[in-house]
Amino acid sequence: KLKGIIIGGENDESHPAKVRLFKNRENMTFDDAGAAPDQEFNLVHDTACTLEYKVKTVKFSSVHHLSLHFPTNFGEDQTRIYYIGLAGEWTPSNRVGVVNCVYEARPMMEDHKVADKEKMFGGSGPAF
């Protein structure tokens, strides 16, 4: 759950002037950065890295990927960023990959190769 972001840079024209936040967009490229962001901020010079920009908590409550785009600075050819801080709560990911499995409503013994069917029940049948 992302609650805020801190952006720090130099106290000159190379400091970023704007940041655009995109959540849960895997494999994002610069071509994708032209899309509408989930949230954007106009930044001010922050060399001490103390100014926290609050994000829309409801929108950023379940973030797995976060992409930051800095389209402009205060006038330099290059943008210099010295610090990016993320404030919020970390929760473990419970995402599971694709699982291939077969469900049987009724097991068919001929589908399961067992050398000796007696071994399946310990030799004397099921113990109920």
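Strands here are DSSP runs of E covering at least two residues, and they are numbered from the N terminus. In this predicted model, the loop between β2 (18-23) and β3 (39-42) contains N24, a residue whose phi is positive, near 55°, although N24 is not a glycine. Most residues other than glycine have a negative phi. A second residue of this kind is C49, where phi is also positive at about 55°, and C49 sits in the loop between β3 and β4 (52-54).

The two residues are set out below with their backbone angle and accessibility.

| Residue | Phi | Relative accessibility |
|---|---|---|
| N24 | near 55° | 31% |
| C49 | about 55° | 25% |

Buried means under 20% relative accessible area and exposed means over 50%. N24, at 31%, therefore counts as partly exposed, and C49, at 25%, is likewise partly exposed.

The strand that follows the loop of C49, β4, also takes part in an open sheet of three strands, which are ordered β4-β1-β6 and pair in antiparallel fashion. Because β4 and β6 (83-88) stand at the edges and have a single partner strand each, one side of each is left without a neighbour in the sheet. From one strand to the next, the twist averages 25°.

Strands of a sheet pair through backbone hydrogen bonds, either parallel or antiparallel. Between β1 (residues 2-8) and β4, which run antiparallel, there are three bridges, and within this part of the sheet G4 stands opposite K54 of β4.

Conventions:
Residues are numbered from 1 along each chain as its sequence is written. This is a predicted model: local features need pLDDT of at least 70, side-chain atom pairs count only at pLDDT 80 or more; totals for chains, interfaces and linings use all residues. Side-chain values use heavy atoms; hydrogens and water are left out. Helices (H or I, at least four residues) and strands (E, at least two) are DSSP runs, numbered from the N terminus. Buried means under 20% relative accessible area, exposed over 50%, partly exposed in between (1.4 Å probe, protein chains only). Two strands pair if DSSP finds at least two bridges between them. Axes are lines fitted to C-alpha atoms, for helices over the stretch in contact, and angles run from 0 to 180 degrees between N-to-C directions.
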